[in-house]
Amino acid sequence: MDIRFEKREVLKDKPDQKNLGFGKYMTDYMFVMDWEKDKGWTDARIVPHEPISMEPSSVVLHYAQETFEGLKAYRTKSGKIQLFRPDMNAERMIRSNDRLCMPPFPVDMFIEAIKALVKVEEDWVPSEPGTSLYIRPFMFASESALGVHMANAYKFMIVCCPVGAYYPEGINPIKILVEDELVRAVQGGTGFTKCGGNYAASILGQVKAEKMGCTQVLWLDGVHRKYVEEVGTMNIMFKIGGEIITAPIDSGTVLAGVTRDSMLHILKDWGYTVREERLSIDDLMKAGHDGSLEEVFGTGTAAVVSPVGELVYKEDTVTVNNFQIGELTQKLYDYLTGIQWGNVEDKYGWMMEV
Ligand code: COI
């Protein structure tokens, strides 16, 4: 792929690496490519990160034909920069696009574009412990049209921002509200995709959760409001009676998380029994009360491995592991981030040097 480069006159000041938060500071450049029905993908370019102008009647602004991905670049102690399983993100974006009737962005081009942009933005990859460069590829329908149909013009873009922990709690346990009224996804819908619409629909639940002093929402299945599915920004796993249980992804209502998949590999290798099965909220709360619920943790690119210390469901509250990070959760966090930052042998071959 030929990538045109447009240099910016003045580079931005870099933020304090100790106070990055999540998604606040955009880097100097972005990657852009256009798709048109008769031409396919054209004009790959890395240009200054600036506001873009859009036709107010662009399909995405009215009918939300948009998908996105999230992955990170890590700086190792020796200064190398590496990506974690970018092929998984590329493949998932193709599945998301397929559901939203958007053209596929080929895996090799996806990886090439990310590598090229991260190389240009090398100096933005932070080195403080716990930090990384978050990479946000996204695609949207740019055609100007108000009829509801598959658009004939799209843009694929990548922006980046240096980040620390996603939650203000960092690696400390968070409180989660189990949502018993609103739903996130039903079979046949878009639950398995990473599309903006899923997140737009989740914000009301998030607002409710925050009003109740919780950091995130745990969504139940959309039909029975009974089975545990996923949390707003991550998949979720439970350690009950020594075994790990997490929602299956074959229902089409749960995001196939890259971190989720990696955790399952590691846990199986460590000899744990891992069950990808439906777990009812009643059984979960019961396990919380009878002492068999040992640990709860979320998994996601932004959230990494995040301990859950409290679950609030209707009038009932369960505290997990005395609101302390569990032993296994900590071990998984250390191991995964060890691989990502290059301090632990990458025995699965998951890292890709930029
Ligand atoms: C990620 O983990 O990369 C995500 O996309 C979650 C995001 C919505 C904050």
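## Around the ligand

Let's start with the company the ligand keeps: Phe-68, Gly-70, Tyr-134, Arg-136, Tyr-166, Lys-194, Tyr-199, Thr-301 and Ala-302 are the residues around it. Keep in mind that this is a predicted model. Sorted by class, that shell comes out as five nonpolar, two polar and two charged residues.

As for where the ligand goes, it sits in the largest pocket.

## Polar contacts to ligand oxygens

Which residue puts a polar side-chain atom 2.6 Å from an oxygen atom of the ligand? That's Tyr-134. Two other residues use their backbone instead: Ala-302 has a backbone N or O atom 2.8 Å from a ligand oxygen, and Thr-301 has a backbone N or O atom 3.3 Å from a ligand oxygen.

How much of the ligand does the protein bury? On its own, the ligand would expose 290 Å², and the protein buries 91% of that.

## Salt bridges

Now for the charged side chains. Those of opposite charge can pair when their charged atoms come close. Counting side-chain nitrogens of Lys or Arg within 4 Å of a carboxyl oxygen of Asp or Glu, you get 18 salt bridges here.

One of them is worth finding in the viewer: the side chains of Arg-85 and Asp-261 meet at 2.9 Å, N to O. This pair ties together distant parts of the chain, with the two residues 176 residues apart. Arg-85 is in the loop between strand 6 (81-84) and helix 2 (86-99), while Asp-261 belongs to helix 5 (residues 258-269).

Definitions and conventions
Residues numbered from 1 in each chain as written. Predicted model: local features only at pLDDT ≥ 70, side-chain atom pairs only at ≥ 80, totals over all residues. Heavy atoms only, no water. Near = heavy atom within 4 Å. Polar contact = N/O pair within 3.5 Å; in protein donor to acceptor, adjacent residues only side chain to side chain. Areas by Shrake-Rupley, 256 points an atom, 1.4 Å probe, with all protein chains shown as cover. 1 Å grid on protein atoms, 1.4 Å probe; cavity = no way out; pocket = protein on both sides within 12 Å on 5 of 7 lines; lining within 4 Å. Sits in = over half its atoms within 2 Å of the grid points. Nonpolar A, V, L, I, M, F, W, Y, C, P; charged D, E, K, R; others polar. Helix = DSSP H or I, 4+ residues; strand = E, 2+ residues; numbered from the N terminus.
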